[in-house]
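Work through the exercises below with the model open. Each task is followed by a solution in steps.

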Amino acid sequence: MSSAFLSPQISLPTGVLSHVAVRENLALAIPAVGAPTPQAPQVRGRLAGSDAVLGSVCVGLAGAVSSRLRSRAAQKSRVSTALTAIPALGVAAIAALPAVAGAVTGAMEGKGGRNHKSGSKPKVVVIGSGWGASTFMTSLSEEEAQMYDITLVSLRNHFLYTPLLPSACMGTVEYRSISTDIRRLIAGKGQFLEARADTIDTKNKIVRCSRAGNAHNKLGSSNRFPEGEVEGKIKFDVEYDILVYAVGAQTNDFGCPGVQEHAYFFKEVSDAMRTRTRITDAFEIAALPCTTPEQRDALLSFVIVGGGPTGVEVAADLADFVQGDAADLYPELVPYVNIRLVNVGNYLLATYNRDISEASLKVFEKKGVQVLNGYRVIEITEDRVKLKCAADGELEEYPYGCVVWAAGIKENALTSRLKESLVDKNTGVSSLNVSSLQAKDNGIITDEWLQVRGSSGSIFAVGDAATVRNDRTLPFAKILFEKADANHDEAIDMRELRDLLIASSDEYPQLEEYANYLASTVITTDDSADDVRLAGFARLFGDASQREFQAFKKVYELGNQRVGARTARKSAEQVASDIEGVDLNNDQKLDFEEFSELLKRVDANLRPFPPTAQVAAQQGKYLAHLFAAGELDGTFETLKSTSSSEGPFAYFHKGSLAYLGSNEAAFDLPVLGPVTGPLAGVAWKAYETISQISWNNRALVGLDWLRSEVFGRSTSRY
Ligand SMILES: Cc1cc2nc3c(=O)[nH]c(=O)nc-3n(C[C@H](O)[C@H](O)[C@H](O)COP(=O)(O)OP(=O)(O)OC[C@H]3O[C@@H](n4cnc5c(N)ncnc54)[C@H](O)[C@@H]3O)c2cc1C
């Protein structure tokens, strides 16, 4: 290690450091050729283009591994359940073939040098090692990365495949199977510094970092990243020309008293480990002869807060553990176990198709998980969780052995500080930047090229830390109005509006619901008849026929699959009332003022991208594409020229999935709709296996499924 690390408050000579660190990386590196790109939990057609020879090798290998394990498994009574993991491993091996083919092709192509267009290497600092940052790094080829001098700073020296964290918590898969060394992932592309970014000085383009010098004391406890001034803290600065900001977000306690003190968060491996230890403790203490039945009830009462995918999966995995391993290991305790899933909304997995919410309820009912929809946690005391029912305001309270808090996220402290720094930088320069940076959005605001507002082309943000803005229609009202007004009468009728909205929905997804509505009302009329418009209006504002309503519903539901991620869902009545409401003089035409008012309502319906791995990974990949052009150097001019040749970031929602327990899962696929049941469970396992970031992880996760099915989960703790 460079001695520079040990002295406080020094500015690292990044050029020199990068040279040293890159050599270290090469020494450590697995061949970086074909370094795998992390696959967010998205559904992709990955079988296309697989190579026959590689296919047979892979299937053969997977077959050999699984048949060896199967023969061992035959000695165990669980062989039938083990077989469910084998197809997953097999499908995973086949489906991952394109990655192997890519790696081999990459190896054969070799590498060549490529220079940055400016002639010198801009210094790029990437903060974070999660989905956004890791996908950014792995999507850049080695030769593209070497056009820049890249330093990655993160609290974590590994990438974590978060969707399997609930399974890892209950011991179904191992923590190491779902994490990957970041140094391996970025080998040959940049250097890694394990540290906390404390502040960002946007005027001088410096990231101020720190970590503890005496992280591991003799007792083994460590806090590598202490806040405030503590003895032995190492501080250093890293300069940048371009900053890639990918720090994610933090758990939101919504100000609920007692959450910080008594609940277990669920974001990192350390959180899952703590939760697991607590659950094991609860079982072991409950098993002691001196424990009273009341104490046993309390200890084995588990409360999971949050009805989104994380809460649902934690509850599902915990219920699997109780019905499987706990039933074997603590049979006398199982009758005492109580799992409650508290959800503030009326539906579990509220952003998914309603059928999935209902399917998950049924699975939970079968498994004995009590779902408390419409309840808010109002306080957690040392031994009680207090809830309030939204419907009748009644208060309820339960004793608990462990409360897991997976209720949502909020921007982290560094993001708030970065906003302040940017406001400071822009004060007196741009009132637009200042006001939009101060907006209470979750995260730092970027434009559609992911450039942070007010950073003049020097900062890009991805993932949970960012809110992409700028795709509102209102600023383009004049252009859109002129485009729609086909007969130039300074007003647009419903057919003109319909045609405009249909034509512009691709560009502005928030228009799609309105376009669908008009398509299903105005389009069913005979456009050539004289009274078409009147008939169209009558239907639009009046009593739509049952047939049209059904047609509308179909189109509406289909459309919602695509726009659901970007807009708040609106009912047909709300869409109709928006259109009707702006037609102030009731002439069933919209003048410019009325049209602008309609766009304002449409824009208000726009939602930020969801905070998912899918979004973060697509953004990381998109950003790598911008960098690959080799023009960006942290100035506004190079951003402008890159963005004029590259389109803005576009998110494509590829579907959502969740594990429901008992080998059942739910997929919410665009167009196809919801798929649930045991087959979906096999597909889920296969999908989560092939989506791992490296071959090492794919193999480990595949084998973990098999191991836990055959031999059960381990309850040991150390
Ligand atoms: C248990 C769980 C299950 C999930 N399941 C799914 C799922 O099935 N599908 C899905 O799409 N999404 C899922 N998500 C959400 C998904 O993980 C996040 O949306 C995604 O991780 C966001 O990626 P990111 O790169 O923005 O941030 P993260 O992946 O959170 O990465 C942030 C990185 O920044 C680092 N960092 C933070 N602060 C600092 C600092 N001050 N200095 C240096 N480094 C810092 C962190 O150490 C980390 O490496 C799940 C999340 C959790 C917690």
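**Exercise 1.** How many residues does helix α14 have, and what span does it reach from its first C-alpha to its last?

Solution. The model is predicted. Start with the limits: α14 covers residues 354–367, which makes 14 residues. Next, take the span: 20 Å from the first C-alpha to the last. Then compare: this is close to the 20 Å expected at 1.5 Å a residue. Finally, look past the end: glycine 368 follows α14, and its phi is positive, near 80 degrees.

**Exercise 2.** Find which residues of α14 are buried, and explain why they lie on the same side.

Solution. Apply the cut-off: buried means under 20% relative accessible area. In α14 that holds for Ile356, Ser357, Ala359, Ser360, Val363, Phe364 and Lys367. These residues sit on the same side of α14 because they cover an arc of only 165 degrees around the axis. Now turn to the face directed away from the buried side: Lys362, Glu365 and Lys366 are exposed there. Last, list the partners. The buried residues pack against α13 (309–329) and against strands β14, β15, β24, β25 and β26.

**Exercise 3.** Place α14 on the sheet that contains β14 and β15.

Solution. Write the strand order: β12-β19-β13-β14-β15, an open sheet of 5 strands with parallel pairing. Mark the edges: β12 (264–265) and β15 each pair on one side only. Check one inner pairing: 5 bridges join β13 (residues 301–305) to β14. Within it, valine 303 stands opposite arginine 340 of β14. Now add the helix: α14 lies across β14 and β15, at about 140 degrees to β15.

Methods: Residues numbered from 1 in each chain as written. Predicted model: local features only at pLDDT ≥ 70, side-chain atom pairs only at ≥ 80, totals over all residues. Heavy atoms only, no water. Helix = DSSP H or I, 4+ residues; strand = E, 2+ residues; numbered from the N terminus. Expected span 1.5 Å × (residues − 1). Buried < 20%, exposed > 50% of the residue type's maximum accessible area, 1.4 Å probe, protein only. Arc of directions from axis to C-beta. Contact = heavy atoms within 4.5 Å. Pairing = 2+ DSSP bridges. Axes fitted to C-alpha atoms, helices over the stretch in contact; angles between N-to-C directions.
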